[in-house]
Each structure stands twice: as structure tokens, then as C-alpha cells.
Amino acid sequence: MEEKLSREELLHVADLARIKLTEEEIEKYQVQLKKLLEDVEKINEVKGYDDEILIACWDDNTKLRKDEEGVMLDPKQVIENAPHHAGNYIEVPVVIGESEGA
Amino acid sequence: MTNYIPTVGVEVHVELKTKTKIFSDARNGYGQMANSLTNVVDLGYPGTLPTLNEEVIMLAIRAATILNCNIQRVMHFDRKNYFYPDIPKNFQITQNDTPIGYDGYVEITKENGETKKIFIEEMHIEEDTCKSAHRKDKTLLDFNRAGVPLIEIVTKPCMTSGEEVKLYLEKLRELLSFGDISDCKIEEGSMRADVNVSIRKNERDPLGVKAEIKNIGSISNAKLGVEKEIERQAKLYDNGETFKPQTRRFDDKIGDTVLMRIKETGNDYRYFPEPDIPFVILTDEMIEEAKKGIPMLPDERRRIYVEKGVLEANANKLVQNRTISDFFNTLLEEKTDFKIASNMLLGDISAYLNREEKELNETTLTKERFLELVKFYQEGTITSKNLKEMLDMILESDKTIADIMKEQGIENITDDSEIRNVIKDIIQKNPESVSDFKNGHDRAIKFLMGQVMKETKGKANPRLANDILLEELKS
Amino acid sequence: MKYLNKGISEIHELLKSKRIKPIDLVEEAFDNIESNKDLNAYITLNKESAIQQAKELENKEVDNILFGLPIAVKDNICTNGLRTTCGSHILENFIPIYDATIVEKIKEKNMIIIGKTNMDEFAMGSSSRTSYFGAPKNPWNKEKICGGSSGGSAATIAARDLLFAIGSDTGGSIRQPASYTGIVGLKPTYGRISRYGLVAFASSLDQMGPMTKNVYENAVLLNALVGKDPKDLTSANKEEEDFTRFIGQDIKGMKIAVPNFLMGDIVTDVVKEKIKDTIKILEKNGAMVDYVDVKYLEHAMTLYQIIAMGEASSNLARFDGIRYGFQAENVKNIEDVYLETRGQGFGEEVKRRIMVGSYLLSGENAKIYYNKALSIRDDMRKEFKKVFENYDLIIGPTTVSTAYDLTDPMDDPRKSFMDDVLVIPVNMAGLPGMNIPVGFDKNHMPIGMQIIGNSFEEAKMYQLASFIEKELNLDLTPGGER
């Protein structure tokens, strides 16, 4: 039998990613994710590197923008691409609970 | 009820006073038409990238300095990943690994005069979320606030009462608004506080179960919320009950906290370094430049005012109005009577400002004209009655004080001989008062001065008249 | 009369002397695309406004070598008012309201955007078969893939529909399809071209670049695309330069390194032989070629899987059906909006990578995988830099084999990474890399060679590439010259 990620683990990552899966997809991804997660385990075989990290190959640091106002969108443009809007607002089904962030 | 030791920590978000947003050049503004202050970056459009507003870094350095924090010299940003409709990219750009400030403190003074340091664990820079309005079955999103720069200031769990929380928040508000870092208007959401409350029996016990109170609309509610929460937890423990870590909110209407939700095992924010923003390396020059922008802070203002002879209570009052205090600061290098100056500003002038709903800098009062005014008052050339009569002209026209006095017909008699003649006449007419005076009744002076003023229709320079009266009585 | 099979200088002269007009080129391009319709190289054609733009250009001075020339743009690059799908159902009807910086630059030169090319969904894939709009086909053999993710751009250039296409390359997505279709494709140094307006897959790896039929035209197009952009903090602050300036110079004394990993057992013999033949030519002409070990190269794919999927899981979080794009129907609450929209809107490969990326960043995993990958990435870049202390350029094959069948199975999730195993290290180190065709296999499918330069040394790469191009003098038009 092929090795699989547990259903629970798969559904956990699907939930983190906010992706609803069909039963068929669950079956398939349990196998496929397991393979990819085995691949990334190989990182633990790498030896000899130092702690310094490379986030991206930036040519320079401290790139700041002056605090000067630029062109803004018309509210009509803001709602133009939104699937649902009410007046100038973008609309979503009711949200329960509060933001976790700021 | 058993005595418990409360432990309280506070997280404060303040919006920075910049012209534009943190990661885009759309305007940072409040109270505008919905979705009128955005661009594609704020909406998280595909392909857009953040830029970094220089002023945000400068204000954050300033804040870190004012809050006595160490400053992180090499910073990067991180992404905090979670799904919520108020966060356009479904991640927030924040600083998780390298907060710009850490290990700071502010000092509060309690009612009994005791001071206490409130320790600041860290302060970091991040972006604000959009505003959502919840309707019956819909939520409406306005992205004007999305991307407004914030600093979040996190204290150590070092407070023990609602009163301390109140003093801390007041102090913070005072420092950040005087530092020109934020408006700190709680009612407009430019300052928002969340508090974490737990209680335990003994200092040596581990910290108790935590409840977080969000949605606090005012500093007094923060105090009340903490007190109510301490009480609630104590009752539960007293009854042998326990509770789960939870998020509560302060409900204005009932004046108490209510449960929002039980906290699930740690949120999984999947932080990782933001690849779109290179390191920010703060040089000595940048830090110096940022510090240069720090205006004189309240404690120092109070100290100097008192040194200059202002009553302590008045020094406090002066600092409570930023524009008045800034105006007062322009006088500090001058030779003037600061006591009179402060009385005038806090008395008649403040009354005028309140009545007209104006700030001092919206009047025509200049430093020069104010100094002139104080001088005349000090000399006794104008009386407090005169001041009241002249006030509108002083604050609404550009004329010199001397000219206003002339126009208003306020010409005080400063001619020595003229006053002396009047006084001699009054002394002759009131022998019993004279003998009262000689018998040590000071009241007689008041009566006689009253007569002088009556005779001169209030135009006699009071100080001069007083001096002459004493001279004549003693002769 | 056909013009688009001619070289750029000749076409430019014709335009300048008013013997042809931009509209002639635009109509010819659309005719070519129409006759090559079965290649499925395009998701959206920009016919109406391209024709209008061409007509407007008739009154303008032909002021630069790219003036009036048609160009195809990969469909993950935002074009104001022109549908940009990223090859995905979730953006099937998405019309951007701004232009990518690269698109602004194209328009500044008065080039004419002909259409948006087919691609793997969100550039995730190596054969363009993950496109919601069906896979593009290889002009050399329509049973074969044309590689990916910039498959449509590669196909339209290989088929000689027009001269210029833009691709994007996160882990080889310009070079690998260029190799499979026998064209020249360059991924510039990270930061060379502003990414503003490129729909991000993995921000620290993504870079756009030119795809052309020959080296000179590639360099000419690059000239127009580069430059610091205040809207992209990762764009590099570099002076303007002419990337064609070394083209035509000999390669005597040039020092070239061949990493042993790139010529290892994973590479098929036919590819290896062709590279070795090319090396012989280089040596004969005075270049010094050494085989070298470059540490960590064998781990690049693992690093790529961690970093690219991690970043992608975050970059693609914004597709939630709220502000733009597809939203699932009959959703009752906000959680459903997310779950259903993303469940229905994304294809199989994208969902897989987002889920793996979410896993890799969750809880303690960020430390175990992601941060470790960033550390090794730093060392890998340093190893590359060491090579460039002693060598001018690095070469090797671009792909392990020639293009495979469109019908090959897609169920192995590793396959798309394995296809890119030789091109991924370049993205990890932020270096420039390019493909040039160096021959064919026995089925006359193109074989490509990869040239890797030190950061910002694209001009030197063009020098070597054009030398090889001239020496080999291959007929690179599928089915022979038109």
C-alpha cells in the first residue's frame, strides 16, 4: 500500500489554506502530499552551512519612500472587480467574530 | 472574597500621523467617503508590491526613544498569515522577529505620589486592517484604513490594577501625542488598547489563566474592564470554578466585559520573513535625525513651567492643551511674568477658546502682542475688567494692545498728581476710615480704594493708586 | 509579404523608411497566430486595441529599434484593461486596473501587445499542462509539451508568430521551455526587471525576461525592460547599459566552469553529448573550460520546494473572491466564500503546492524547514560567488532531456520539480541564466544549453551565447524556413 498522510493532517493543512477538498481529492492528496513532505525532509541531510539567512537577493538595504501622496483610485474602480458590492462598499456574507490581527 | 494578585499586560495599537500609508502612497486619512483613500496596493491587487514609507520609520524611532526602548539596528518585516476579510492580502506585514523597539519603559505617577515603571516588552511597526461594518446578513468593507501605519506597543505583564492600566494609557497617550507620533484619539480608533488579565493567589504561583479584553472604547472603560474582569475571575476561583483562556470585549451598555470566544490552541500565523522588503538598517544619522524631531515632552514642560514661577496646578493645566502649551513654550526665553501669563491663558483666554470652539493658534494672538498684554497687566495699566472688555479685539484683530486700549477708551490714569489729588480729597471726606486704618484695620484700605476707583470711574491704575493711598495715609 | 521572419534590424529599417507600417506587422502576427491556433499558445488576444494602436503609430516617428513591433506577454503580467488570468479559473474574468511596470516600459517603446500567452496555472508546473485553458503544444512536434511554465510564450516564438515574448522564471520557467522549443530565453539577475505587476508566485525567486528566436533580439529587448522601479523595492539600482555591446566579440581567454552536478547521471546521454560537443567548439576557440564542484547544488530542488511553496501559500492567499476574481456561488458565510472559492477556483497543482507551503510554515515547521532552507540558500549563493571569482561564466545543460509527450502521466507530484532540477539553482542564488539551442535529438527535438552569469553580467552571457549561435548556425525554424 502507498504511504499516505493521515486524513486529519491533510484536512488540517487544507483548512489552513482555506481550500475545500472533495473526497476524491482527499484520497489523492493524502498520497501526493506525503511524497512531497518526504522530499523536503531531505533538508535535514544537508550539513556544514552557517546560520546566516538569505531572504532574497536584494541589491541594497533601507529602501524608503518619501511620505508624498500619489494617485488614488476612484471608489467606482474599487468595486468594479468585486463580485459583490453595496454602494461604495465591497460586500461579503456576514462575518462572525473579530479580526485576530491589528 | 479571597485576595488575589492580578497581573495585567497591555497591547496598544496607535496609528501614526503620516501623510500616506505605510506600504503605499495613498492618503492616510480619516472620516472620508468609503473606499476613496485607496490604491491597488491597499486592495492587495495581484502583482502589487509594498513600498516603505520613510516617515513611518522616523516616527517609530521617535516613539521607541520616547518609550525608552532599545532600537533594533537591522530590521526586516514578516508576514503574519491568516484569513479575514479586513486584511486584503490575507496576510499582514508586521515585525515578528525584529521589532524596532524593545526593553523600554514609561513611568507613571500614582495618586499617592509613588512612581512605577511600566516595562515595555517590544514595539513594532505594522499595517492597519480595513474597516468592516457588520449588517444583518452582510459585512461591508471600506479599505480607507487598510495600510495605515501602526505601531503596536506591548507591555510586560507588570500592572496589577485597573488604576495602573488607566495611568499607563494616559501617560502613553500624552507621550505619543506630544511626540507628534499619533493623534491618539481613542474615539476615532487611532489609539486602541487590548488588555490581558489574570489573577493568582501568591507571587510564587505561576500566572493564572488569561482573559484578553478587546474593543475598549475609552481609558476609563479600560480601568473598569480590568476591575470587572479581576472581580469575575476571583468569584470563579472562590467558587472553585475554572475557566478557559478567552477573548472578551467591553460592552459599553452594560459596563462590563462579555465573552467573545474561547481561545483555541495557539493561532497558527505561519510567520515568515517578507521577501518584498529589503532589510532596514538604521544608521546613527537616521536615529539622530528622528530624535531631533521630538518636541519637548510633558514632564519637561511641567518642570520648566514650575521653575518659571507657574503654579503646579496651572503647569498641569497648561500641558493638557497642546496648542496653549506650545504657545507658552515660545515665551520661555522672554522676560515676562509667567504666573500672570499662565493665569491669563488658562483663565479668560481659555474661556474664550471654549466658547468659540477654537484652538489658540486659530486666533490672532501672537507672542509679541501677548507679551505686551502681560506687561500692561503687570504694570496695572489694564485691569482684569479691562481685559475682559478687550478680549475679543485681542484675539480677533491684529491691532497692538496699546491701540486697542485707545479705541476702547481704556485710558488708565497714570498721572501721579491727578490720582494724588483725588486720594487727598477722599481721605479728607472719610476720617473714620483713616482712623480705622491707623488702628490696624486693613479693611479700610479696600474701602478707600473702592472710593478712588469710583471717583475715577475705574480708570486709576490700581497699583499706583494703592501706593499713593498708603503714602498719604502714612504721612 | 512576410516580414516577421526577418531580423529586427531589417524590420526596423523597413518601418523607418515607411516601406511598411506597424499595422502590417500586427496583421501578420495575428495571421500567424491564427494559422498556428492549434498550438494554443494564447489565452487572450488583444486584437482590437493592437490594431488601433498600430494605426495610431503611423503618425509617430520611428524613434527606437523596438518601435511598432508586436510582442506577446505571459498571462501572469498585469495589463490594464486586458484580461489577465494566470492560467487559472479563479482569475478567468479578471481585468486588471493597472499596468505592470514592464508593460509600461513596453508601451513607452511603442511596442504593440498582441496577446497574453498560455502558462501553467500561476506558473506552477513544468509543462504548461496545469493551465485552466489547456496545454500549449510544441511547434516542433505537436504531440510534445513545450515546457513551462512560460509554455505559450515559448511556443509562439518557436513557431515564428512574432519576434518577442515575455516570460517569467521562478524555477526555470523561461529557460526550460526555451530549451524544449529551441529558442533563446533569459532570466535576468534578480532585481534587474521590476516585478511590479507580475502576479507573484514566489517573490524571492520570480523574475521576468525576454524570449526570442535569437540572441541579439533577446539583448535588444532586455535593454528596454530593465531599470530600478520605485514601486518594487527589490528592483536593483543599476545604471543603464547596452546588453548587445559584447555581441560579436570572440571568446578567447574566456574562463568557463561546468558544475559536475549539471552533467551528472540525471542528465540523458543525448543531452550530455550535445553539451560536450559545444564545449569542444568553445575550447577550440580559445576558451578555458573546467569541470568544477559547486556545493549544495544537489539540494537546490529541496530548497526550492520549501521556499517556493512556502512563499506561494502566502502570495496566493489574496485570491479569496472578495475584491476581484471568481467567487463561488451559493455561499452562506465568509468561511464558505474562502473554502468554496479557493476549492473550486484553483487547479490541482496549485492547491497541492499551497497546502504543502502552508504545512511548511505552520507551527514549528517554519523553523525546521523554512528558516533552514534560507540558511542553506545563503551558503549556496556564496558557493556560486566563489566559482565566479575564478570563472567568467558557468555552462551546462538546461534540461535533463528533450520535450516529452503531452500525454505523459501527471500524477507524480515530484515530476514538475524534477524537470527543473538543472535550472532551479540559478533562481536560488538570484543569478542570471539563459538557454540557447545547441542541437537536436534523433527525433529532431531541440536541445538547450544553459549559460549562467555572475549577478548583473548578462552582457557577458550574450557574448558567449551569440558566439555559439554563430558557430552552430542551426536551422531553428520548425519545419524549416518559412
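How are α2(C) and α3(C) oriented to each other, roughly parallel or roughly antiparallel? Before answering, keep in mind that everything on this tour belongs to a predicted model.

**Stop 1: two helices of chain C**

Select helix α2 (residues 22–35) of chain C together with α3(C), and look along their axes, which come within 8 Å and cross at roughly 160°. Since angles over 145 degrees count as roughly antiparallel, α2(C) and α3(C) are therefore roughly antiparallel to each other. The crossing of these two helices, α2(C) and α3(C), is right-handed. To see where they meet, show the side chains of C:P22, C:I23, C:V26 and C:F30 on α2(C), and those of C:K47, C:A50, C:I51, C:A54, C:K55 and C:L57 on α3(C). Sorted by class, this contact of α2(C) with α3(C) has eight nonpolar and two charged residues, with no polar ones.

**Stop 2: from the helix to the sheet**

Keep helix α3 (residues 47–57) of chain C selected and add β1 and β3 (112–117) of the same chain, across which the helix lies, running at about 160° to β3(C). Now extend the selection to the whole open sheet of chain C, in which 11 strands follow the order β1-β3-β2-β6-β8-β7-β12-β13-β11-β9-β10 with mixed pairing. At its edges you will find β1 (42–45) and β10 (288–292) of chain C, each of which pairs on one side only. If you follow the sheet across, neighbouring strands are turned by 25° against each other on average, with direction ignored.

At the β10(C) edge, select strand β9 (residues 255–259) of chain C as well: five bridges join it to β10(C), and the two strands run parallel. A useful pair to label here is C:V258 and C:Y291, the latter in β10(C), which stand opposite each other.

**Stop 3: where chain A meets chain C**

Next, colour by chain and select the contact between chains A and C, which takes 43 residues from chain A and 56 residues from chain C. On the chain A side, the elements that give two or more residues are α1 (7–16), α2 (23–41), α3 (75–80) and β2 (89–93) of chain A. Of these, α2(A) gives the most, with eight residues. The side of chain A that touches chain C has 27 nonpolar, three polar and 13 charged residues.

Zoom in on α2(A) and helix α11 (residues 348–361) of chain C, whose axes come within 11 Å and cross at roughly 50°. That angle makes α2(A) oblique to α11(C), and α2(A) passes α11(C) in a right-handed crossing. For the contact itself, display A:Y29, A:Q32, A:L33, A:L36, A:L37 and A:V40 from α2(A), and C:R352, C:M355, C:V356, C:Y359 and C:L360 from α11(C). By class, the contact of α2(A) with α11(C) comprises nine nonpolar residues, one polar and one charged.

**Stop 4: where chain C meets chain B**

Finally, select the contact between chains C and B, to which chain C gives 33 residues and chain B gives 25 residues. On the side of chain C that touches chain B, the elements giving two or more residues are α9 (300–315), α10 (334–345), α11 and α12 (365–390) of chain C. The largest share, three residues, comes from α9(C). Coloured by class, this side of chain C divides into 17 nonpolar, nine polar and seven charged residues.

How values were computed: Residues are numbered from 1 along each chain as its sequence is written. Chains are lettered from A and ligands numbered from 1 in the order in which they are written. This is a predicted model: local features need pLDDT of at least 70, side-chain atom pairs count only at pLDDT 80 or more; totals for chains, interfaces and linings use all residues. Two residues are in contact if their C-beta atoms, placed from the backbone, lie within 7 Å. Helices (H or I, at least four residues) and strands (E, at least two) are DSSP runs, numbered from the N terminus. Ala, Val, Leu, Ile, Met, Phe, Trp, Tyr, Cys and Pro count as nonpolar, Asp, Glu, Lys and Arg as charged, and the others, Gly among them, as polar. Axes are lines fitted to C-alpha atoms, for helices over the stretch in contact, and angles run from 0 to 180 degrees between N-to-C directions. Angles under 35 degrees count as roughly parallel, over 145 as roughly antiparallel, 65 to 115 as roughly perpendicular and the rest as oblique. A crossing is left-handed if the near helix is turned anticlockwise from the far one by less than a right angle, and right-handed if clockwise. Two strands pair if DSSP finds at least two bridges between them.
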